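Please work through the exercises below with the sequence and the model side by side. Try each task on your own before reading its solution.

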Amino acid sequence: MKIRLSKSSISSNEIYAVTKVLRKEYLGMGAEVNKLEQAIRSHLKTEHEVVCVNSGTAALHLALEGLGIGHGDEVLVPSLTYVACFQAISACGATPVPCDIDPKTIFLDAKDAEKRITRKTKAIMPVHYASSSIGMEAIYELASIHGLRVVEDAAQAYGSKRNNINVGRAGDVICFSFDGIKNITAGEGGAILSTDRPLINKIKDARLLGVAKDTEKRYSSDRSWEYDVFHQGYRYHMSNIMAAIALAQLERIELFRSKRSRLVDHYLTELSNISEVKFLHFNYDEIFPHIFVIKCIDRDGLREHLTNLGIETGIHYKPNHLLSRYSVPYSLPMTEAIYSQLMSLPLHYDLTTEEQAYVINSVRKFYGK
Ligand SMILES: *Cc1c(COP(=O)(O)O)cnc(C)c1O
């Protein structure tokens, strides 16, 4: 028996949708991508424009570059995040400045970030860690005082709310990921949301090698031949195949949400009497949980115990300032203290009640409960 930490959930809907695109023999970026962008807008009830790309990392990269961030600029970012954030910043030629977190929520600590602002600081990248963004207001306040742009890494938060508002309905620039294990998947994929029209137009060109106004052509199954190029561009567009998968996933999203929430509620109830296990301070009624993270005593011992029982677990994440490429001459005490306690337990749509009970009992047994 092997219980996976996370996985995609693919039904006959997705298979049928992909087959339909394959049979049309128009696989690249076309009408399906336009359809997905409009579907996301209506699903999130947002006035923000939506641009889909081929990964969440590409979304972060294009958002930053679209804001004009480049060589000599600095971007504030929590160290405790996926390396995608750091690579997206350094891909622009800018320097990621790792910041500490609030240990209760693992959200970027605005006070620590403020200390690291210099004349070179251009933007701040708060991360919706484990789908939660409690603390975001302080980040926007800081950004407005210091004239910084905000690029939200909401890769883990599609379908979540904060203060009863959908993530992606408010805010400067919001980036989602649709990679294989995220709340909904496009196989791989991502999206950028913003009301900043010049930024959106720049990103629309940049995802298609900078070919000016190619997006509209592609949506009518055409392409530009007599074109001009103004900016650096990339091959970051989404394909019709990917969009078809995500559209089919969107139709099942309420099933995904209720199942994942139910699993999290069950973990919270069943593990609450183990004193060695602590939970993060989230508003679990508002988040659409991508991962379930606990803080625990003897994390490595527990992980080994679970691995031996066929239960896959995860560590989200190794702090980026401890990586060779992104090391800094200062320490981040909260991040460093919490890192060795963090562990993610299996959470995905296809996890059965029996499997979850086995995970819970195995954690209990390790602590002698
Ligand atoms: C998944 C993820 C990304 C990157 O998205 P990809 O689609 O995998 O490129 C960025 N940040 C966080 C926090 C993520 O979880």
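The exercises that follow concern a predicted model, and each task is followed by a solution in steps.

**Exercise 1. The seven-stranded sheet**

Task: Find the order of the strands in the open sheet of seven strands, and say which strands stand at its edges.

Solution: Begin with the order, which reads β1-β11-β10-β7-β6-β2-β3, with mixed pairing. Next look at the ends of this order: β1 and β3 (95-99) each have a single partner strand, so one side of each is left without a neighbour in the sheet. Then consider the twist, for neighbouring strands here are turned by 25° against each other on average, when direction is ignored.

The mixed pairing can be traced in two places. Strand β1 is joined to β11 (residues 190-194) by five bridges, and these two strands run antiparallel; within this pair, Val 50 has Leu 193 of β11 as its bridge partner. By contrast, β2 (residues 74-78) and β6 (residues 121-124) run parallel and are joined by three bridges, and here Val 75 is the bridge partner of Ala 123 in β6.

Finally, add the helices that lie on these strands. Helix α3 packs on the sheet, where it touches β1, β2, β7 (149-153), β10 and β11, and its direction makes about 160° with that of β10. Helix α6 (residues 136-146) lies across β6 and β7, and runs at about 155° to β7.

**Exercise 2. An edge strand and its surroundings**

Task: Decide whether the residues of β1 are buried or exposed, and sort them by the way they point.

Solution: The cut-off needed here is that a buried residue has under 20% relative accessible area. Five of the five residues of β1 are buried, so this strand is largely enclosed by the rest of the structure. In a regular strand the side chains alternate between the two faces of the sheet. In β1, accordingly, Glu 49, Val 51 and Val 53 point one way, while Val 50 and Cys 52 point the other way.

One element that packs against β1 is helix α7, whose buried residues also pack against α3 (56-66), β10 (173-177), β11 and α8 (214-219). Those buried residues of α7 (residues 197-206) are Leu 199, Ile 200, Ile 203, Lys 204, Asp 205 and Ala 206. The N-terminal end of α7 is capped by Asp 196, with a side-chain oxygen 3.1 Å from the backbone nitrogen of Leu 199.

**Exercise 3. A threonine in a loop**

Task: Locate Thr 46 and determine which residues it touches, leaving aside those up to four places away in sequence.

Solution: First place the residue, which lies in the loop between α2 (31-44) and β1 (49-53). Its relative accessibility is 5%, and Thr 46 therefore counts as buried. The residues that Thr 46 touches, with that exclusion, are Arg 41, Gly 168, Arg 169 and Leu 193. Of these, Arg 169 is 123 residues away along the chain, yet its C-alpha atom is separated from that of Thr 46 by 4.5 Å. Lastly, the side chain of Thr 46 reaches the backbone nitrogen of His 48 at 3.0 Å.

**Exercise 4. The largest pocket**

Task: Find which helix gives the largest share of the lining of the largest pocket.

Solution: The pocket has a volume of about 240 Å³, and its lining includes Asn 13, Tyr 16, Lys 35, Ala 244 and Glu 251. The elements that give two or more residues to this lining are α1 (12-24), α2 and α9 (240-251). Of the lining, the largest share, six residues, comes from α1.

**Exercise 5. Backbone exceptions**

Task: Where do Asn 163 and Tyr 317 lie, and what sets their backbone apart?

Solution: Keep in mind that most residues other than glycine have a negative phi, and most peptide bonds are trans. Asn 163, in the loop between β8 (161-162) and β9 (165-166), has a positive phi near 50°, and this residue is exposed, with a relative accessible area of 54%. Tyr 317 is found in the loop between α11 (299-308) and α12 (333-339), and a cis peptide bond with omega of about 5° joins His 316 to Tyr 317.

Note on methods. Residues are numbered from 1 along each chain as its sequence is written. This is a predicted model: local features need pLDDT of at least 70, side-chain atom pairs count only at pLDDT 80 or more; totals for chains, interfaces and linings use all residues. Side-chain values use heavy atoms; hydrogens and water are left out. Buried means under 20% relative accessible area, exposed over 50%, partly exposed in between (1.4 Å probe, protein chains only). Contact means heavy atoms within 4.5 Å. A polar contact is a pair of N or O atoms within 3.5 Å; within protein, one must be able to donate a hydrogen and the other to accept it, and residues adjacent in sequence count only if both atoms are side-chain atoms. On a 1 Å grid over the protein atoms alone, a cavity is a set of points where a 1.4 Å probe fits but cannot get out, and a pocket is an open set with protein on both sides within 12 Å along at least five of seven lines; lining residues have an atom within 4 Å of a point. Grid points are joined across faces, edges and corners, and a volume is the space filled by probe spheres set on the points. Two strands pair if DSSP finds at least two bridges between them. Axes are lines fitted to C-alpha atoms, for helices over the stretch in contact, and angles run from 0 to 180 degrees between N-to-C directions.
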